[in-house]
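Biologist: I am new to this structure and would like a close look at a single part of it. Please take me through that part slowly, and then place it beside a few others.

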Amino acid sequence: MTTYSKRRGRRSLAAIVAAMLMASVLAVVAGSPAQAANTAFEVKVDTDNDNVPDAREFAGQDRYDTALRVAKNFATSKGGLGAVPVAFVASGNTLVDSISVAGFAGYADAPILLTPTGSLHGGVADFIEDYGVDTVYVLGGTAAVDDATLTAIEGLNNKPMVTRIGGTDRYETAANLAGKIDSVSSWCGTDAASAVLINGGTDMLAYGVAVQTAVYRMQLPLLMTAADELPDATAEFISENDIEHVQIIGSTDIVSAGVASALTTLGVDTVARVDGASASAVSVELAKMANDGCKDTLGLVSADRVALVRGNPDGVVAAPVLATSLTGGFMVTPLVVNEPMGDANSLPASVRDYLAATPKNIGADKLNLGIVAIGGTAAVSQATMDAAIEAAASSGALTVAIGANSDTNKDKAINQDDPVRPDTTTTILVDATTPASSTGPVFTLYFSDDVEPDLAKLQDLIEINGVPAVVSHVASSNTGGACDKRRIDVTLGQPLKGGDTISVVSSTAKFGTGKDQRTVAPTSETVMAAPPDRARPTISIVGIAGAREPRSLFNVSFSDNVMIAGTAVLATNEVRLVPGPGAAADPAPAVDHTAGAATATVTINRPLEPGDRLVISPGAVADTSGNVSAGTSGTAIKAQASPKISSILMSNLKHSARASWTVPETLVAGAAEVNDDEIVITAKPGGDADGAAGNGWTMVFDRASTYSAQKPLDIDVRVDTKGQRVTVRFNNGPVTATLGDLLAALKANAAFDARFTAGFGDCENGDPKVRLGLLTVRNQSVAASGTGRTQFAIEVNFNAFVDVVTNDELLADILAPAAVRTRPTAAETLAAGITRIRTAPTADTADGGLRIVDDLSADTPALTETVVTATPPTRKVRYEMETALVKNLPMARDLVQTAAGTGGGTAVTGPPAIAAFPAVPAVATGYAVDAVTGADNTGAQDKVDENFNASSQVRIAVSSSVKTP
């Protein structure tokens, strides 16, 4: 804050013009943010030492008690007893002097106390003695505070020096108080010696209450005027003290245009006005200015506190505590809510609109706005406070769903859709390796936003069948990832039975992280026992007769919704052969079946003939639930020549893992901060950077050549969807800019926020207050982590049963159109392209090739694939795949050209984008073989030979019947 000595000379014309321009700028209030604070609450204090805030700190029994509570808060911030050398005593009857002293009180760094006109209030006497006040200024003439009261102050034990500052009227008293300020400061954004002017009428004191906190903070003269006439005492002060700028508080109905003209006549360079239809509206305009154009002058202004004050009498003494002590040196802006003749239970529309426009976030933190009431409910009613809280909060109560913490519905995902089962039990861990002595049922609470596990609070919220539950342990769930704080695992110290109801009940307890604290909406869930298994195991029988290489066996397969019992075995006496027409009987078919296995063979003593029928008796096998199979039969069919592909179906894409990007360390100020304060950007589920697609995106961090640390923070975020590129350019930024500012800038860009999240890599210790560093190199590119993965499945359907599928060649042709269509670069192919198909299962390698694997590994670097093989004979083969390069995936309507089997061990060459494949044994040269060929099969194959597939052209179709892995 710039200060000027009294009696200065006039400034240059250029300075006057600059001040006029600044005044006109300040008259236009910056636009409000688009949404209210995330949450809001009434600020209270703990009065019964139970660590629960339960009462208003400044709720006095009357105006005198309220003033004492305010003064004690101020004194405590200064160090307590003996730490307040100066205090002001004003009349609690007239109140006007307690407002006009605001600038001098700010200059003296002192509280304001109220006493009755004709006596010294006992609380005031105690305060002066207890806090060791050396100097007391009594405000106003004897009509405000009589001489007996002054004498009583002088007679206190600590013998303070008492000085009366008054005048012939309130205008002269205000001027005399202003004259005690040894240096005159400047109003927001000007460099001129300034004064603030309010209407001194008793029914206009609310306007003074609106501005006195800023006046106290800026240590400005606070002068008074009549509505239509400038008093002599006020005019004399302005002239004698060379006041160059006057800030009028209120509309022309409160301080007329004639008074403003009189100021100009006195030689005041600039006259500006904080306009408003009411004192409440004026307080809102002042609050906006405090958070925008006045920041440099006011210094620290609280972003997470506001105060509701009554126009009078309680609000008149609030300035010292709101200006300095309530939030550790941050000024709290006052909002006038109850004016004379106003509705004591209503919230003025201007205040409601202001609260509804507070920002949802401050930097990277969600804003939880604390609202302080000055005075009890007679000053600021509870209805008014509740309306303010409602207006200020954009987020309602947290919602929560109750589910299992394991995949109980078998959909290959752990989420709130998994029903809680009675047997969901686990051991409570003391640490990563040491279990506690107790175990219990576990379920998961899936919250709508981040929360911290709080055992005590959750013990109050959770009930079983309407009775408080025994909750023995709560912890953040690891099923949502290390940084996902929306899931809490709850371990019970009591059993759960099918039909039990788990409830989260209504409570005033607040949950969240940091300052984001909200109540939780009630909900309930019924514990569901697994449905009884009444499904019989099914048996499928396939026999192929008349194949070129004769077959003497039936292939039998078993399936069940759970699994076949491990002791279930198909016995010889449970099968019999019914010969086909003219075929010989076989009284003793031979069964080859391992107990519990899903397949078996039944061999007869001759080649199969068309019409041969295998009959399996009822109850041949059982599942783990004791259900037994029904009687089943299957008839041998004649081999069909040249099996061909009838359709290729593909599932929808399922993005199983997401790419991430790490912000350069040069953007973190101080090497010691890097590990904890590393910012990681991650692709969002459902966006166009989800899954494997994210691996192609690049993040670029840049600093403009015109960058200035002296200009306001300006971080420009651009998203190029075609080029898959995000550019973050630092145009300007003060040295105080933080990582939280960067996170807020990223989130504020709608295109970025739709595709990515940004947060600290160290979820627990990342600090948004750490300052940003400076980029040393322009256009620093950050490539994706390469961890993005997309899963899909392909089902190939044949028009005839096949025994063996040569997966390499078949998949090469299926994937060929994608490779030709996308034409990947050499770098893309090397990193994650489809380059070749291995001929057999292999261990993990990092060469980027498509591999046949036994299971889907999360860290696989390229396209991986699981094959459901064609054994026993089948009409369908399923491939489950996971890829790191989504643009090389097949697409619907891709035309797949499949070649006929060639025989003779000749190598099969793929299309241009796919490398040639090695030779394969003659026994497996076609895609599909419907019978085992003999060793004598060494020549070229006839295209109509039933042992090998025929060529075909088939378009890929996306089908809902094909499920992702």
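Along strand 35 (residues 632–635), which side chains point to one face and which to the other, and which of them are buried?

Modeller: Please keep in mind that this is a predicted model. In a regular strand the side chains alternate between the two faces of the sheet. Strand 35 shows such an alternation, with T632 and G634 pointing to one face, where they are buried, while S633 and T635 point to the other face and are not buried. The partner of this strand is strand 34 (residues 613–616), and the two pair in the antiparallel sense over four bridges; within that pairing, I616 has T632 as its bridge partner in strand 35.

Burial can also be followed in a loop, where S395 sits between helix 15 (382–392) and strand 17 (400–403). S395 counts as buried because its relative accessibility is 16%, and buried means under 20%. Leaving aside residues up to four places away in sequence, S395 touches A37, N38, T39, K360 and R518. With two of these, its side chain makes polar contacts: one with the side chain of N38 at 2.6 Å, and another with the side chain of K360 at 2.9 Å.

Turning to a helix, the buried residues of helix 17 (residues 739–748) include L739, G740, L742, L743, A745 and L746. Among the elements that cover these buried residues are strand 40 (679–683), strand 42 (714–720), strand 43 (725–732), helix 18 (750–755) and strand 44 (756–760). The N-terminal end of helix 17 is capped by T738, which has a side-chain oxygen 3.3 Å from the backbone nitrogen of G740.

Notes: Residues are numbered from 1 along each chain as its sequence is written. This is a predicted model: local features need pLDDT of at least 70, side-chain atom pairs count only at pLDDT 80 or more; totals for chains, interfaces and linings use all residues. Side-chain values use heavy atoms; hydrogens and water are left out. Buried means under 20% relative accessible area, exposed over 50%, partly exposed in between (1.4 Å probe, protein chains only). Contact means heavy atoms within 4.5 Å. A polar contact is a pair of N or O atoms within 3.5 Å; within protein, one must be able to donate a hydrogen and the other to accept it, and residues adjacent in sequence count only if both atoms are side-chain atoms. Two strands pair if DSSP finds at least two bridges between them.
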